[in-house]
Amino acid sequence: MPGHERTTPPYRAGWIHYTNVAPILDPLRLPPGVTAITGVPTEMNSALLSGRVDIANISAVEFIRNADRLEALPDFSVAVLGAVYSVNLFHTWPLEELRRVALTAQSAMSVALLEVLLRGRGLSPRLERAEGEAEELLASGYDGVLRIGDSALREWYGVAGPLTPGGSMTALPNAARGVTVTDLAQEWFALTGHPFVFAVWAYRRENPPPPALLQAMREARRQGLGHLADVSKRHALKLGLPGRVVQHYLWNFRYHLEAPDRLGLSEFAALAVPGHAPLRFGPRPGEEMLRAGG
Ligand SMILES: C=C(O[C@@H]1C=C(C(=O)O)C=C[C@H]1O)C(=O)O
């Protein structure tokens with residue numbers, strides 16, 4: 001049409017912006033032509049699947065369930081080997097005696113992990129979606145509450161902290177005032193000896209991210225991990241937690257989807273989504289142009 005420039009629509013990103021992705025997202029400068037929105041995991045999962053965004057860090061189980069149409073970046077993850085501190089089951093009875101467990105509506109992956117862990121122990125408490133703080137839900141009649149993200153980290157600290165100087169964050173499970181915190185990633189490690197991958201960066205296969213976005217994300221991660229003390233200090237203020245606790249929390253993550261993480265992911269996929277389509281990952285750093293034919 002005369003007088004009308006044909007413009008390419010923006011490439012739309014959806015970020016779960018929990019503190020655990022701050023080392024990647026805080027320093028990120030979006031390249032021209034890329035926009036971003038933020039939300040909790042279940043919101044970003046559905047934004048990607050419904051086509052409202054083009055790439056998102058989503059619950060890994062949704063990537064597995066939709067492996068026939070999604071692909072994930074080969075070198076980005078939110079994973080841990082052992083405890084994660086922010087995916088917690090708060091409970092007042094031993095796991096074997098739980099009857100009614102409240103699940104946060106923000107999570108898909110941690111819910112799937114809890115289901116796998118309970119099944120593995122032959123347990124089947126009633127699982128219900130309910131939102132609210134752990135102690136509040138425990139007081140209202142639930143005997144277990146699954147919480148994730150920043151509020152789970154804060155509530156974990158409410159039970160486990162304040163840590164004594166030189167005290168260990170790794171003595172788990174934590175318990176205080178009749179509430180036990182079971183760290184689900186720690187349980188996964190006890191079961192398998194492998195890392196647990198909570199999130200991957202996924203996109204619809206026919207719509208991969210522009211190389212400039214990948215480059216910006218990799219550069220941002222380098223910056224963030226290189227200045228972890230600053231990132232931690234800033235978020236500690238926001239969270240109302242000691243800087244050293246947030247720094248321990250952040251350095252503990254595995255952000256590169258390395259071979260051990262993929263092993264953990266495949267193992268989880270086989271348990272949680274039997275018969276899933278093969279998991280597909282995009283080209284390795286530096287190989288994007290090869291695939292684009294350039
Ligand atoms: C480690 C976490 O992982 C997050 C948990 C998710 C889920 O339970 O669906 C999704 C994305 C992850 O970034 C956390 O929430 O603390």
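User: Taking buried to mean under 20% relative accessible area, what share of the 294 residues in the chain is buried?

Analyst: The structure is a predicted model, and its secondary structure comprises twelve helices and eleven strands. With the cut-off of under 20% relative accessible area applied to the 294 residues, the buried share of the chain comes to 53%.

User: What radius of gyration does the chain have, and why does that value agree with a compact globule?

Analyst: The C-alpha atoms fill a box of roughly 70 × 45 × 35 Å when it is taken along the principal axes. For 294 residues a compact globule would be expected to have a radius of gyration near 19 Å, which agrees with the value for the chain, namely 20 Å.

User: Why is strand β3 described as largely enclosed, and which residue in β11 is the bridge partner of Asn57?

Analyst: Strand β3, spanning residues 55-59, has five of its five residues buried, so the rest of the structure largely encloses the strand. Two bridges join β3 to the parallel strand β1 (residues 11-16), where Ala13 stands opposite Ile55. Five bridges join β3 to strand β11 (residues 196-204), and these two run antiparallel. Within β11, the residue that pairs with Asn57 is Trp201.

User: How far apart do the centres of the positive and negative side chains lie?

Analyst: The chain exposes about 13,300 Å², of which carbon and sulfur atoms supply 55%. Its charged side chains number 29 positive and 29 negative, and the distance between the centres of the two sets is 3 Å.

Note on methods: Residues are numbered from 1 along each chain as its sequence is written. This is a predicted model: local features need pLDDT of at least 70, side-chain atom pairs count only at pLDDT 80 or more; totals for chains, interfaces and linings use all residues. Side-chain values use heavy atoms; hydrogens and water are left out. Helices (H or I, at least four residues) and strands (E, at least two) are DSSP runs, numbered from the N terminus. The radius of gyration is taken over C-alpha atoms; the globule rule is 2.2 Å times the number of residues to the power 0.38. Buried means under 20% relative accessible area, exposed over 50%, partly exposed in between (1.4 Å probe, protein chains only). Accessible areas come from the Shrake-Rupley method with a 1.4 Å probe; for residues, only the protein chains shown count as cover. Lys and Arg count as positive and Asp and Glu as negative; His and the chain ends are not counted. The place of a charge is taken as NZ of Lys, CZ of Arg, CG of Asp or CD of Glu. Two strands pair if DSSP finds at least two bridges between them.
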